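Here's a quick walk through a protein model, going from one residue out to its pocket, its helices and its strands. Keep the viewer open as you read.

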Amino acid sequence: MSKIIYYVASSIDGFIAGLKDDISDFVASGDGVDKYLADLQRFKTVIMGRRTYEFGYQYGLQPGQPAYAHMEHHIFSVSIDIDKLAETVHIELKSIDRIKEIKASSDTDIYLCGGGVFAGWLLENGLIDQLKLKLNPIILGAGVRLFGHSTKRAKWDLIETETFENGLKVLTYDFVQLHD
């Protein structure tokens, strides 16, 4: 079965964006970013929440269009309202059963694209199989947390560490277990 891989940039203090969704302090170029972009090519399916999808609008994403041309998109939201969706963009209700269906039917691992709140919900339900953390050498102090407001405790196993220029590291963790 396919894995859900949360591949995300984070500050040292665990924020995936600063205040007002500011990402300007994150490493934006270099070998680490090139590796991330190349890694995205292996995914054919992406899942995300509404806020993450709409975040793309400020970078030229048109409502209803895919953020990643080669991927099938599943946007989980009860409030997004888009008149015309591309054939590869689907609006989904947040459902554990639907996530499991997507996992069972995907030909590749599934890219969990950002979204602290959505990632927190997936974590609470034991649905993230791997975390690929693009650890940036910055402290933001506030903003969007890696797992939103989730307080769920979990154990992860570090399986790979890659170091790049600009202080960027990519840390790969496999999920081990949730704690009560």
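In which helix is Thr 52 found? Thr 52 sits in helix α2. Bear in mind from here on that this is a predicted model.

**Starting from Thr 52**

Is Thr 52 buried or exposed? Thr 52 counts as buried, because its relative accessibility is 17% and the cut-off for buried is under 20%. Leaving out residues up to four places away in sequence, Thr 52 touches Cys 113, Gly 114 and Gly 115. With Gly 115 there's a polar link too: a polar atom of the Thr 52 side chain lies 3.1 Å from the backbone nitrogen of Gly 115.

**The largest pocket**

Thr 52 also leads us to the largest pocket, as one of the residues that lie nearest its centre, along with Ile 23, Phe 55, Cys 113 and Gly 114. So how much space lies in the largest pocket? About 1,400 Å³. The lining takes in 46 residues, and by class these split into 28 nonpolar, twelve polar and six charged.

Which element gives the most to that lining? Helix α2, with five residues. Several other elements each supply at least two lining residues, among them strands β1 (4-10), β2 (15-17) and β3 (45-49) and helices α1 (31-40) and α4 (116-124). Strand β8 (144-145) also makes that list.

**Helix α4 and its surroundings**

Let's stay with α4 for a moment. Seven of its nine residues are buried, so α4 is largely enclosed by the rest of the structure. The buried ones are Gly 116, Phe 118, Ala 119, Gly 120, Trp 121, Leu 122 and Leu 123. Just after the helix, Gly 126 takes a positive phi of about 65 degrees.

Leu 122, in α4, is a good one to click on. Leu 122 counts as buried because its relative accessibility is 0%. Setting aside residues up to four places away in sequence, Leu 122 touches Ile 47, Ile 99, Leu 112, Leu 127 and Ile 128. Measure out to Ile 96 as well: the two residues are 26 apart in sequence, yet their C-alpha atoms are 8.4 Å apart in space.

**A buried serine in a loop**

Now hop to the loop between β1 and β2, where you'll find Ser 11. Is Ser 11 buried or exposed? Ser 11 is buried, because its relative accessible area is 1%. Its side chain makes a polar contact of 2.5 Å with the side chain of Asp 13. Not counting residues up to four places away in sequence, Ser 11 touches Phe 26, Leu 135, Asn 136, Ile 138 and Leu 140.

**How the strands pair**

Next, the strands. Here are three pairings side by side, each with a bridge partner to look up.

| Strands | Direction | Bridges | Example pair |
|---|---|---|---|
| β3 and β4 | parallel | five bridges | Val 46 and His 73 |
| β7 and β10 | antiparallel | six bridges | Lys 132 and Thr 172 |
| β9 and β10 | antiparallel | ten bridges | Leu 158 and Tyr 173 |

Strand β10 pairs with β7 and also with β9. Strand β4 (residues 72-76) is mostly covered, with four of its five residues buried.

How many residues lie between β9 and β10 in their hairpin? Five, and Asn 166 is in that turn.

**Two positive phi values outside glycine**

Asn 166 stands out for its backbone: phi is near 70 degrees, a positive value in a residue other than glycine. Asn 166 counts as partly exposed because its relative accessibility is 47%.

Where does Asp 21 lie? In the loop between β2 and α1. Asp 21 has a positive phi of about 60 degrees, though it isn't a glycine. Asp 21 is partly exposed too, because its relative accessible area is 26%.

Conventions. Residues numbered from 1 in each chain as written. Predicted model: local features only at pLDDT ≥ 70, side-chain atom pairs only at ≥ 80, totals over all residues. Heavy atoms only, no water. 1 Å grid on protein atoms, 1.4 Å probe; cavity = no way out; pocket = protein on both sides within 12 Å on 5 of 7 lines; lining within 4 Å. Points joined across faces, edges and corners; volume = space filled by probe spheres on them. Nonpolar A, V, L, I, M, F, W, Y, C, P; charged D, E, K, R; others polar. Buried < 20%, exposed > 50% of the residue type's maximum accessible area, 1.4 Å probe, protein only. Pairing = 2+ DSSP bridges. Polar contact = N/O pair within 3.5 Å; in protein donor to acceptor, adjacent residues only side chain to side chain. Contact = heavy atoms within 4.5 Å.
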